[in-house]
Amino acid sequence: MTRDPHSAGYDDATIEQLVRDVAEEWTMPPVRLDAPGWRARVRSSRTRRLVAAEAWFGRLGQAATAAVALTVVGALVAVLITRPPEPGKTPEPSSGSGPSASPGARATSLPKLLVTGDEPDPAIVVMRSERGDFARVDLTTGSINGPLTGKSSASQLRVAADGSMVCLCVAESGNIGGQPTDVSVSLERYDARGKLAGSTPIEQFSGEPDPRDASIFVPERPAHVLTDVSFSDDGRYGFVGWSLRAHPVWHSGVVVVDLADGSIASRLDLPDATDGEGDTRRVIEAPRVAGMIHTGSVLIARGFYEWSPPASQEPTYTFENHVFTASLDAGQLADAKLVPTASDCGGSVVRAGPLPEGAFWVACTSGGAELTVIRRLGPDNSLLGDVRISGSTGIDTDPTAVSADGSKLYVWDPSSEVLTRVDLASGDKTSGKGIAAADAGPLAALGNWLAPAAAAKSWLRGALAVSPDGSRVYAIGIREGADERDVAGSTGVFVFDATTLEPATVWQPTADYVSIAVSADGKLVFAAGLPGVDAAGRNRIAQQASITVFDASDGSIRLIAGQLGGDALTFLSARLR
Amino acid sequence: MIESERDRAADQAYRDHANDVYRVAYGILRDPDDALDATHETFARAWERWDQYDRQRPLKGWLHGIVVHLALDQLRRRRVRRLALPVLGRAATSLERTGQPDPADEVTRRQAVEHALDGLRPEVRATLVLRHYYGYDYAQIGTFLGISSGTVGSTLSRAHAAIRRRLEADDPAVAALDAEGAMPSAAPATSATAARRGTSTEPPEVLP
């Protein structure tokens, strides 16, 4: 880099070089799940390819005999899969950079169903689909049944131990500026087969557009009314956070719903906030109960963002949070108090929990896995300290999970494969690095399933899960592209000893994993794979969404349901009931 | 061309040129999500129009022509709120560099150029990238943008002047930033949120 020594300014050559330098860094990020790739766009606008693919799937699916034959073949193949390379061992990790299929191997689609041994428990798994609804996957048949509710993506669903489901479902209506003006929340019950068993109206919310901008076009297209639904850990209550614009303020609050009968246990209104002043506009997002911070006390996070000028194509944005504590006793949510010391913890408040002697912690993420801040606060909300954990860029996920006893927080970087454990009481942190991905091993026999691992993806929903006994942490790894042409891919499921943070092993990917969960008894680990791509993340239109079930004891594959449709599926929680 | 051949050709084009398409899209849109969106849209359009591609001409140029049109059109049609992950990333990175002096002046100069580019019209940014990074001649750039070669030249001249002004204006601020150095991690005002603002704002007003 040269600068004209005779001038206070920069010469043209220097500027040209600077432009080249900055443009060099504009490299394509990993592809997001919610931003369909180019093939999906072709497919959506022109159905020809999809029709052709579906015809192929249809022929396969309609032939019962073919399915039987496939299962038989699959069982034979499974012998190869589950046979360890040495007695009693899973494939050993390699010292190489990742799994590699034979050169020129072309990935083929995963089978509709591959089962070894007993059927998994649970055999029915409820998933959230890419479009925001829910679907039941029957792992005994490899089939999918959905959508369940037909409501908006703001809905949340909880599965009971008997397989029945309760949904706090959100329906949107009205449309001003491309955004709904009204939402209605209802409690819907479904039996274990997914049949609607009853519906109870809960509440309606209506927001109004900003009258200051009635005569101008606002490219931001701000929301007028928002909701955020969650459930209490014990499954007794549902929390419906809401916010609505009533210029010049936003009203917001939380409605507590008794899930047993659909009655409203309590309502908590939070302090109003302005919708922006002068040339600034502000959207107050729906508050969310982030966690219990003591017995009888919860932490509520209410995000907001501002932009200015309102009609600009390129406004300046700011993002922050209002954080409150509130009492919660037998469903009675009350006494909200602002916690100013937590408001700037990070872009999103993802979790909160208790510390000894009335203190508490708040976990915030900025840029997904980019930066996690665990802020520890005293009983008087005074700052005890921050633990900061930086991760890889461009990975949209909640990288955190809490240990079963609530004393530790795990933070996972899916790209660098580093797991960090934070002792929440002391703030001490310890890190462990995942071992190199395993060779193809026995799966090499099915090398056509395992496209050569190549690159990275950046959208995970449920990137890590802690075993019920707290002894292990399972985490999904993704691979950064070796160069700018590489596509995204999975590096498999990394298994860590939760005590030592020593990496135990890594289970190689059968698909491009996007979500992971553990069975209630801890014996099985479930990994959901993306449709439209293979394990290496390469576009592959014939590959549908999939679920692979691993035996937690040795990493052998117990089941693959490989043809679950074209919508990406993710688990509702990291613990399957 | 039968469909399978077109598929293979489009796949190869994506592998070879996706990042080049993305770079131009980002230069225009200045948003990673939007740029990625435009990149995918470009290849979808290219697939649909594959028979129109003149194989005597560089494929990258053809794709650049599509993406310039799409990105500018996208700007005209809408602007979507985004989380701006890379922006957060830069904030996080800077916070993690606590106590470390800025390793190179180039970094801060590049940031100044990024800021300067933010202040330019999208067509001007496109001109800069197409000319200085990809080396297209004025006529080709004019074809992409629907303007004359002379306009391309004058656009570049004015863009250089704007960047120059910004670089010179930003020098003192950059120096001040360097001098600030570390921010203690325990200080509540050092959040990524605060850092990513770029400009300071008053604390949110919460009405009673």
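Let's start where the chains meet. Helix H1 of chain A, residues 12-24, and helix H6 of chain B, residues 122-133, have axes that come within 9 Å and cross at roughly 100°. Crossing angles of 65 to 115 degrees count as roughly perpendicular, so that is the label for H1(A) and H6(B). Who makes the contact? On the H1(A) side, Glu16(A), Val19(A), Arg20(A) and Ala23(A). On the H6(B) side, Leu128(B), Val129(B), His132(B) and Tyr133(B). By class, the residues of this contact split into five nonpolar, one polar and two charged.

A word on confidence before going on. This is a predicted model. Its scores are ipTM 0.72 and pTM 0.62.

Chain B next. Its mean pLDDT is 69, and 64% of its residues reach 70 or more. Where is confidence highest in chain B, and where is it lowest? The high point is H6(B), the helix we just met, at a mean of 92. The low point is helix H9 of chain B, residues 192-197, at a mean of 26. There are two stretches to flag. Over residues 78-104 of chain B, pLDDT stays under 50, and the model has 53 contacts there beyond four places in sequence. Over residues 173-208 of chain B, pLDDT again stays under 50, with 69 such contacts in the model.

As for the fold of chain B, the secondary structure comes to nine helices and zero strands. Read from the N terminus, every element in the run is α. Chain B has 208 residues, and 39% of them are buried. Take the contacts in chain B with a separation of 6 or more: 75% of those join residues 24 or more positions apart.

Now over to the strands of chain A. A general reminder first: strands of a sheet pair through backbone hydrogen bonds, either parallel or antiparallel.

First stop, strand E20 of chain A, residues 371-377. How many of its seven residues are buried? Seven of seven. Look at the two faces of E20(A). One side carries Leu371(A), Val373(A), Arg375(A) and Leu377(A). The other carries Thr372(A), Ile374(A) and Arg376(A). Both faces are covered, and all of these residues are buried, the arginines included.

E20(A) has a partner in strand E19 of chain A, residues 360-366. The two pair antiparallel over seven bridges. Val362(A) has Arg375(A) in E20(A) as its bridge partner. E19(A) and E20(A) form a hairpin with four residues between them, and Gly367(A) in the turn has a positive phi of about 70°.

E20(A) also pairs with strand E21 of chain A, residues 383-390. Seven bridges join them, again antiparallel. Here Ile374(A) stands opposite Val387(A) in E21(A). This pair is a hairpin too, with five residues between the strands, and Asn381(A) takes a positive phi near 70°.

Second stop, an open sheet. Four strands of chain A line up in the order E9-E10-E11-E12, with antiparallel pairing. The edges are strand E9, 225-231, and strand E12, 264-274, each pairing on one side only. The twist averages 15° from one strand to the next. Inside, strand E10 of chain A, residues 237-246, runs antiparallel to strand E11 of chain A, residues 249-258, and 10 bridges join them. Ala246(A) stands opposite Val249(A) in E11(A).

Third stop, another open sheet in chain A. The order is E22-E23-E24-E25, and the pairing is antiparallel. Its edge strands are E22, 400-402, and E25, 429-433, and each pairs on one side only. Neighbouring strands are turned by 20° against each other on average, direction ignored. E22(A) pairs with strand E23 of chain A, residues 408-413, over three bridges in the antiparallel sense. One pair to look at: Val402(A) has Leu409(A) in E23(A) as its bridge partner.

Last residue, Ser403(A). Where is it placed? Ser403(A) is in the loop between E22 and E23 of chain A. Buried takes 20 or more other C-beta atoms within 10 Å, and exposed takes 12 or fewer. Ser403(A) has 17, so it is partly exposed. Leaving out residues up to four places away in sequence, Ser403(A) touches Lys408(A), Val466(A) and Gly470(A). Arg421(A) is 18 residues from Ser403(A) along the chain, and their C-alpha atoms are separated by 9.5 Å.

Note on methods. Residues are numbered from 1 along each chain as its sequence is written. Chains are lettered from A and ligands numbered from 1 in the order in which they are written. This is a predicted model: local features need pLDDT of at least 70, side-chain atom pairs count only at pLDDT 80 or more; totals for chains, interfaces and linings use all residues. Two residues are in contact if their C-beta atoms, placed from the backbone, lie within 7 Å. Two strands pair if DSSP finds at least two bridges between them. Axes are lines fitted to C-alpha atoms, for helices over the stretch in contact, and angles run from 0 to 180 degrees between N-to-C directions. Angles under 35 degrees count as roughly parallel, over 145 as roughly antiparallel, 65 to 115 as roughly perpendicular and the rest as oblique. Ala, Val, Leu, Ile, Met, Phe, Trp, Tyr, Cys and Pro count as nonpolar, Asp, Glu, Lys and Arg as charged, and the others, Gly among them, as polar. pLDDT is the predictor's confidence in each residue, from 0 to 100.
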